[in-house]
Amino acid sequence: MTRHSIAVVGLGVISRFYLAALDASPAARLAAVCDRDPAALAARGGQDASGAVPAYRDHRELLAAGPPLDGVVITVPNDAHAALCADFLRAGVPVCVEKPLALTGAEGAELTALAQASGVPLFTAFHRRYNAAVGALAAGLPRDVPVERVTVRYLERIEEHIGRDRWYLDPARCGGGCVADNGPNAFDLVRLLLGEVTVETARIGYDGTGLDRSATIGLRSVSGAARATVELDWSYPGELKDVTVTLADGSVHHADMLAGHQGFKSSLRHEYAAILADFTARLRGPYRADHGGTAALELVEAAYRRTEVTAC
């Protein structure tokens with residue numbers, strides 16, 4: 001089988017999981033890397049298992065050089081997502097972009113419309129839906145018993161996770177704080193289990209710099225009476241990420257996203273391998289619209305609108 005040629009644009013903290021997935025993939029290969037920081041290119045880019053790959057300082061330079069690409073992975077700071085996605089879509093290159101798709105719902109809707117008009121795949125990567133424990137939980141729920149409540153907890157100390165990518169702590173570049181960046185993953189898990197939902201309540205805590213570092217968000221399914229609670233924390237001592245589902249018969253089902261994965265951030269390895277597999281499958285198959293990115297942005301915006309402000 002011919003391996004798809006994939007470029008990786010942005011060599012920050014998350015890129016290493018995509019690069020490892022590409023190195024191990026039977027369906028895709030690293031075709032090029034791009035980052036504005038020459039030190040990042042030297043440290044993480046420029047090679048795959050077969051040797052050197054082209055390296056670029058600007059994505060426009062990459063597009064102008066014209067190496068044959070079947071797709072691109074975009075893992076740059078959040079405030080650059082929309083512009084880069086648009087440039088690659090207009091060039092006819094399928095896009096896999098880290099969540100969030102963009103900073104606003106309007107930007108997300110424009111990108112989705114552009115992808116649909118051109119028939120070029122635009123895929124937002126929500127890595128936690130590919131977690132093995134989450135998949136087992138979702139697959140194991142009985143189909144004849146309604147879900148009554150879902151609770152997603154996404155708790156971490158953000159400074160331990162971002163390395164040199166300090167832009168996470170800048171609300172203008174991140175789009176906010178924990179709600180803007182971790183919220184999309186948590187909301188996506190709620191949508192995975194309940195379908196479409198709306199925000200009913202939001203209690204968000206801000207630090208002295210204006211960064212939201214904690215949140216408790218209440219949601220309700222649009223198709224029934226099921227409710228969900230999303231708990232986010234960027235000041236938690238350690239890391240806790242799990243999902244609890246309570247069914248109408250009173251039974252409780254639980255998935256610990258970190259269980260069985262030894263080592264810091266080790267759970268991400270299998271999740272990003274699955275993201276890459278899903279993206280390459282979309283390259284082989286007919287065009288499929290992806291509305292997950294815009295749905296997550298709309299829930300983020302709704303949470304901020306409904307905020308009851310507290311101090312961290």
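Are Trp167 and Tyr168 buried or exposed? I began my notebook with this point, keeping in mind that the model is predicted, and I found that both Trp167 and Tyr168 are buried.

**Aromatic pairs.** I then looked up the ring contacts and noted that the structure holds 4 aromatic pairs. I took up Phe17 and Tyr272, whose rings are stacked with 5.8 Å centre to centre and 25° between the planes. Because Phe17 sits in helix 1 (residues 15–24) and Tyr272 in helix 10, I recorded this pair as tying together parts that are 255 residues apart in sequence. I checked the accessibility of these two residues as well, and Phe17 is buried, as is Tyr272. Going back to Trp167 and Tyr168, I found that they also form a stacked aromatic pair, with 3.9 Å centre to centre and 20° between the planes. I noted further that ring pairs link Tyr18 with Phe17 and Tyr272 into a cluster.

**Backbone at Lys99 and Pro100.** I turned next to the peptide bonds and found a cis bond joining Lys99 and Pro100, for which I wrote down an omega of about -5°. Tracing the chain around this bond, I placed Pro100 in the loop that runs between strand 7 (95–98) and helix 5 (105–118).

**Backbone at Lys265.** I also looked up Lys265, which is not a glycine and yet has a positive phi of about 65°. I located Lys265 in the loop between strand 14 (252–256) and helix 10 (267–284). Its relative accessibility is 10%, and since buried means under 20%, I entered Lys265 as buried.

How values were computed: Residues are numbered from 1 along each chain as its sequence is written. This is a predicted model: local features need pLDDT of at least 70, side-chain atom pairs count only at pLDDT 80 or more; totals for chains, interfaces and linings use all residues. Side-chain values use heavy atoms; hydrogens and water are left out. Helices (H or I, at least four residues) and strands (E, at least two) are DSSP runs, numbered from the N terminus. Buried means under 20% relative accessible area, exposed over 50%, partly exposed in between (1.4 Å probe, protein chains only). Rings of Phe, Tyr and Trp (its six-membered ring) pair if their centres lie within 6.5 Å; planes under 30 degrees apart count as stacked, over 60 as edge-to-face and the rest as tilted.
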